[in-house]
Amino acid sequence: MQLYIITMRILGVVVVEPILLLSIYLFCRPLSSVLAVAVKQPRPSSLLQKWVSIVGHLQNPELYSVAWAENAVLLESESAKDESREVLVTKQRILAGHILSLVPIENLDLINEKDGETKNAGAWSFSTDLTRPHEYHRASGLTADMRVVVYPPHHGKSQTQGWLGHKAVTAASCGLDNTDPSVNCRVVPLLGALPLCALVATRDVSARAALVSHSALPDDGDVVHDVALQVLRHYTAEILELRSFLAMAHPFPPHTVIPSRNLPWRYHPIDTSYPGITSLHRDSDIWQIVDFFSPDECKKIIEYARPKLQPCLIKNAVTGRVESDPTRTSTNANIPQAVVPTVTAKVCRLLNCPSTRHLEIFQVLRYTKQQTFLPHTDGFDGPVDACGFEQSGRLVTLFCYLNTVGTGHGGETRFPRLDGGLLVAPVQGRAVVHFPNTLCLQEDLRTEHESVPMEQGEKWLFVTWCWKDARSDPAYHEALLS
């Protein structure tokens, strides 16, 4: 109902022509057909005007409610020096990477990328290339060298809950450096939902804490992008919904529509610039890094794990008892992150982990003759409570072979559902990365894989997963691992 009401309101402003007959015709057609009649090559200025109109409707709480409306509120300032008499504070504890409030928009403008940041106080500018696929540039009149400038309402305007991002004071206005502990948030664009921006927590913020935003710097584009990616991980569904409204200003033409499975924000973004990384398969994406672990790191992991090996166990979904896993006949051991700090650092960098707490406990597996792991996926369909995580899911799998298995001796990892199949041979130091779940925690069955039975010798494997949220169960604390 919310989508229908906003769609009708917006269509009356930015799509429907002022001819009654055409209006009736458009409203009687499916929404996809209505959007298809939008101007194919609008002037950028026309696109901005339509965006402003759409955002105006979204800012109406009677038409659209945001999930983060209760995260930040305005309170009367207790400081006599504060002329505004208002201060933006958290209403509850907010974790890093979560939205505090969106930034309301009163006007938009375009500047050339080479002009850099806007010199208008109280405004933000972001590269269109950061927030839109290239196909949209050609279709909408925007170019990759443009920056969209976002102007929030003047002081005293717009008090809508969930749209108070412009009310946070900046570090510079308080005489603070961005590294000051009291600086706890910043404004970033919503990736895939240009021109919307959000005030986002850059560290965990306690309840009723005053919000002080980073002051923009010319060279902090990478930092902004990293924070924006965190937001995308937490609010994929909400951002895609907002994007569907904003696309009414100018939808993707049929010849430039990107299939949903290829949308860059559907899967957790890893560091695809990591040295030595290459693609093994596209859609579903599988990456490899040769020599990801050094021989010394592989040896250290094996030596630590060997005396701690135990049969692989699983919790019986019916009885609740922990018992041997019938699908996996190997043995395994856990290894603390502190034992392998260089490995932990590599994994966090490659997987683009917000913190080490987003990593599942490191596991080491040993396969001997005829031992195997039957076909399985690493994902869960929807959020689960497992492995020390609460209502979360695995986004990325990383496994690394700790020894080389001779040709014809078995031990390969097979992905049977991929086009043409994929067989990865165990070579010491080779890491493989794939994505068992989307950011919305939808299981990707194409990532089903298995361990080919060992015919001779042994195979050692390191494996871990990056989860959507941080590990929170005290029973799974790293300090408890032996």
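**Reading burial, contacts and cores**

Visitor: Is Cys 197 buried or exposed?

Guide: Cys 197 counts as buried, because its relative accessibility is 1% and the cut-off for burial is under 20%. Please keep in mind throughout that this is a predicted model.

Visitor: How does Cys 387 count on that scale, and why?

Guide: Cys 387 counts as partly exposed, because its relative accessibility is 23%, and that class runs between the 20% and 50% cut-offs.

Visitor: Where does Cys 387 lie, and which residues outside its sequence neighbourhood does it contact?

Guide: Cys 387 sits in the loop that joins strand E19 (384–386) to strand E20 (389–392). Beyond four places in sequence, Cys 387 has contacts with Glu 360, Arg 394, Trp 467, Arg 471 and Tyr 476. Separation in sequence and separation in space are to be read as two values: Cys 387 and Ala 475 are 88 residues apart along the chain, and their C-alpha atoms are 9.5 Å apart.

Visitor: How many disulfides are found in the whole structure?

Guide: The search finds zero disulfides.

Visitor: What should one expect of nonpolar side chains in general?

Guide: In soluble globular proteins, they tend to be buried together. In this structure, the largest nonpolar core has 96 residues, and Leu 190, Leu 351, Val 433 and Phe 462 have the most contacts inside it. Helix H4 (residues 44–58) gives the most to this core, contributing seven residues. At least three residues of the core come from each of domain 1 (49–114 + 146–249) and domain 2 (277–480). Another core lies apart from it, with 21 residues, including Ala 386, Val 424, Met 454 and Trp 465.

Visitor: Which residues is Leu 351 in contact with, leaving aside its neighbours within four places in sequence?

Guide: The contacts of Leu 351 are His 268, Pro 269, Ile 270, Leu 359, Val 396, Leu 398, Val 433 and Cys 466.

Visitor: How should one read a polar residue such as His 376: is it buried or exposed?

Guide: His 376 is buried, because its relative accessible area is 15%, under the 20% cut-off. This residue belongs to strand E18 (residues 373–376). Its side chain reaches the backbone oxygen of Leu 374 at 2.8 Å. Leaving aside neighbours within four places in sequence, His 376 is in contact with Thr 447, Glu 448 and His 449.

Note on methods: Residues are numbered from 1 along each chain as its sequence is written. This is a predicted model: local features need pLDDT of at least 70, side-chain atom pairs count only at pLDDT 80 or more; totals for chains, interfaces and linings use all residues. Side-chain values use heavy atoms; hydrogens and water are left out. Helices (H or I, at least four residues) and strands (E, at least two) are DSSP runs, numbered from the N terminus. Buried means under 20% relative accessible area, exposed over 50%, partly exposed in between (1.4 Å probe, protein chains only). A polar contact is a pair of N or O atoms within 3.5 Å; within protein, one must be able to donate a hydrogen and the other to accept it, and residues adjacent in sequence count only if both atoms are side-chain atoms. Contact means heavy atoms within 4.5 Å. A disulfide is a pair of cysteine sulfur atoms within 2.5 Å. A nonpolar core is a set of buried Ala, Val, Leu, Ile, Met, Phe, Trp, Tyr and Cys residues joined through side-chain atoms within 4.5 Å. Domain bounds come from an automatic or database domain assignment.
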